Amino acid sequence: MAEWERVRLDEVIALNVDAVPVTATTSYNIVGVLNRGRGLLFRAPIAGDETSYKTLNRIRPNQIVYSRLKAFEGAITVAPNDLGEVYASQEFPTFTCGERLLPEYIRLLTTTKSLWEQLQALSTGMGGRRERVKPVDFLTIKIALPALTEQRRVIDVMAAVDAQIATLDSEAATVRHLLRCALSDHFESVLGRQFPIEDLCSHVVGGIWGSPEGENEVDVLALGPRIYAPATTGFVTDGSPVRSFTQKQVERRLVQPDDIVLERSGGSPEQPVGRVVIAGSGLPPCIPTDFQRLMRPNVEKVEPRYLFWRLQHDWNAGLTRSFSRRTTGITNLSVKDYIARAVPVPDRNEQRAIISVADAIDLSLSEITNELARLRTIRSALLKSLLNQEIEIPESYDVVFEGVS
């Protein structure tokens, strides 16, 4: 197997910026670039008289584009070949591939950790003090460049994997919609005696980040702001930091099976706070942080999973928005007002019927998202092996690719 040539980007791509003058009477479709090579972010259109920019960069199909400011986060992609008329600020330089490099091939490279690390190395500093990655520096990055025929084989193999991922993504979206509809059908028509949410709980306590200095006694997991599993139920504690707390803090906040943790802070205007997760068995010792509230359903008054699905419906339907306030860029849920809200509680048989339907759909969603996670892991390993020439795609497979293209 011949070693692939290593080239600098300026040998195979060229800076090609189409700066368009902004006119007050024109509307512009604006895009950004998602981190970790996840593609373009399509934003709301803006009118020319709504921006202070004198020019905008037109992003054209199959062009490489990155964020000069967020390059260290892997904010780089290749525009799709069916891209319509879209624009970005001058912070998003664009490049065109030469004859030796296929856009689809470098699009794959933009999804790799090795390229993100090179961009990170070019972006010195920390946080808001990071320097922008200039195009002249970006073009010094080196990549392994196979022949065009080998580039096409890698593209075709990965396209087959990505098509399966897209299919599972679509299936997961369909099941999530089904779950939302099922919850809506049940909770918008359910009858029963009305109870404030707080009266359905035997214990509601705020989270905390750590104990006062000098009073450290117990080390436990402090659930971070991203504690949620890919599906609706269950915790993800991998990556949660271990912090020190006093024994009293832990005793009041230690999460137990069937406890509900409510997100109270950090949501966006488009997706309000108020998301919930319910604890299962086998959870390691952990407590909520200040981003969350711990709620312990009173089993004498309500089935824990009925209350969980009730609160999940509130979040899905955006009902928590009216109890939220946005200050200094952060959305906070007024937990006191929210849990004072009365909800109907039907008899136990109806509660369990609702739980049965929702749990069955959620189980299907969990199976799909678990399969998606496995496939994405396989994709990453496969692409890395192909790019490192640990796996070779024989020429005999060309006819196979032609048959499925």
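The protein contains 9 helices and 25 strands, as seen in a predicted model. Its C-alpha atoms fill a box of roughly 70 × 55 × 50 Å along the principal axes. Of its 405 residues, 46% count as buried. The surface that the protein exposes amounts to about 20900 Å², and carbon and sulfur atoms supply 51% of this area. Charged side chains comprise 46 positive and 51 negative ones, and the centres of these two sets lie 6 Å apart.

The next matter is how the chain meets itself. Among contacts between residues at least 6 apart in sequence, 79% join residues at least 24 apart. Two residues, one in a strand and one in a helix, illustrate such contacts below.

The strand example belongs to a sheet. In general, the strands of a sheet pair through backbone hydrogen bonds, in either a parallel or an antiparallel manner. Here, an open sheet of 4 strands follows the order S2-S12-S9-S10, and its pairing is antiparallel. Strands S2 (13-15) and S10 stand at the edges of this sheet; each has a single partner strand, and therefore one side of each lacks a neighbour in the sheet. From one strand to the next, the twist averages 25°.

At one edge, S2 is joined to strand S12 (residues 94-97) by 3 bridges, and the two strands run antiparallel. Within this region, Leu 15 stands opposite Phe 95 in S12.

At the other edge lies strand S10 (residues 76-78), which includes Thr 77. Is Thr 77 buried or exposed? Its relative accessibility is 4%. Because a residue under 20% relative accessible area is classed as buried, Thr 77 counts as buried. Which residues does Thr 77 touch, if those up to four places away in sequence are not counted? They are Val 33, Gly 39, Leu 40, Gln 63, Ile 64, Val 65 and Thr 110.

The second example, Leu 375, is placed in helix H8 (residues 348-387). Leu 375 has a relative accessibility of 13% and therefore also counts as buried. Leaving aside neighbours within four places in sequence, Leu 375 is in contact with Val 161, Gln 164, Ile 165 and Leu 168. One of these partners, Leu 168, is 207 residues from Leu 375 in sequence, yet the C-alpha atoms of the two residues are 9.5 Å apart in space.

Key:
Residues are numbered from 1 along each chain as its sequence is written. This is a predicted model: local features need pLDDT of at least 70, side-chain atom pairs count only at pLDDT 80 or more; totals for chains, interfaces and linings use all residues. Side-chain values use heavy atoms; hydrogens and water are left out. Buried means under 20% relative accessible area, exposed over 50%, partly exposed in between (1.4 Å probe, protein chains only). Contact means heavy atoms within 4.5 Å. Accessible areas come from the Shrake-Rupley method with a 1.4 Å probe; for residues, only the protein chains shown count as cover. Lys and Arg count as positive and Asp and Glu as negative; His and the chain ends are not counted. The place of a charge is taken as NZ of Lys, CZ of Arg, CG of Asp or CD of Glu. Two strands pair if DSSP finds at least two bridges between them. Axes are lines fitted to C-alpha atoms, for helices over the stretch in contact, and angles run from 0 to 180 degrees between N-to-C directions.
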